[in-house]
Amino acid sequence: RFVDYNTSMGLDFVKVFRQKFATDPNVFSTQGFDIGMYFISSLYLYGTNFNAALETYKMNLVQNDFKMKETLINSGYENQNVRIIKYDKYKLVPVE
């Protein structure tokens, strides 16, 4: 869960957050934003049966990438996406 400040999405999020709250976002506020955007937008698009689309629903977010998978039938979903990154000359670089 890292914000890439070298992308327009990361920079735009910080600018708007600073304007609205007069402070920089932290990991929890950015996490809350991403979770809210992901689930509220899927609810908007798919209605009350949005959970049926979670395994295929994709959305560009500020610091997260969700790849939901049902753990057990009727038991819920779990994010299966994991990224390992490093900073290289002030840029986020995926570790392969």
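**Tyr44 and its patch**

I started with tyrosine 44, which sits in helix 2, residues 27-46. One caveat before going on: this is a predicted model. I looked up the accessibility of Tyr44 and got a relative accessible area of 72%. The cut-off for exposed is over 50%, so tyrosine 44 at 72% goes down as exposed. Next I checked what joins it on the surface: Tyr44, Leu45 and Tyr46 make a nonpolar patch. Together the three have about 400 Å² of accessible area.

**Asp34, also in helix 2**

I then moved to aspartate 34, which lies in helix 2. Buried or exposed? Aspartate 34 is buried, because its relative accessible area comes out at 0%, and anything under 20% counts as buried. I wanted to know what packs around it, so I skipped neighbours within four places in sequence and listed the rest. That left Leu61, Val62, Gln63, Asn64 and Phe66 in contact with aspartate 34.

**Leu61 and the core**

Leu61 was on that list, and I followed it up. With residues up to four places away left out, leucine 61 touches Met9, Asp34, Met37, Tyr38 and Phe66. Which residues make up the largest nonpolar core? I found six: Tyr38, Leu54, Tyr57, Leu61, Phe66 and Met68. Leu61 is thus a member of that core and also a contact of the buried Asp34.

**Asn6**

Then the segment before helix 1 (8-21), where I looked up asparagine 6. Its relative accessibility is 47%, so I noted asparagine 6 as partly exposed. For contacts I again ignored residues up to four places away in sequence, and asparagine 6 came back touching Tyr90, Lys91 and Leu92. I also took its distance to asparagine 64: the two are 58 residues apart in sequence, and their C-alpha atoms are 15 Å apart in space. Asn64 had already turned up in my notes as a contact of aspartate 34.

**Salt bridges**

Last, I went through the search for salt bridges. How many does the whole structure hold? The search finds one. I looked up the pair: the side chains of aspartate 24 and arginine 18 meet at 2.4 Å, N to O. I checked the accessibility of both partners. Aspartate 24 has a relative accessibility of 43%, so I wrote it down as partly exposed. Arginine 18 is at 44% and likewise counts as partly exposed.

Terms used
Residues are numbered from 1 along each chain as its sequence is written. This is a predicted model: local features need pLDDT of at least 70, side-chain atom pairs count only at pLDDT 80 or more; totals for chains, interfaces and linings use all residues. Side-chain values use heavy atoms; hydrogens and water are left out. A nonpolar core is a set of buried Ala, Val, Leu, Ile, Met, Phe, Trp, Tyr and Cys residues joined through side-chain atoms within 4.5 Å. Buried means under 20% relative accessible area, exposed over 50%, partly exposed in between (1.4 Å probe, protein chains only). Contact means heavy atoms within 4.5 Å. Patches are made of residues with over 30% relative accessible area and no salt bridge: like charges are joined within 9 Å, nonpolar side chains (Val, Leu, Ile, Met, Phe, Trp, Tyr) within 5 Å. Accessible areas come from the Shrake-Rupley method with a 1.4 Å probe; for residues, only the protein chains shown count as cover. A salt bridge is a side-chain nitrogen of Lys or Arg within 4 Å of a carboxyl oxygen of Asp or Glu. Helices (H or I, at least four residues) and strands (E, at least two) are DSSP runs, numbered from the N terminus.
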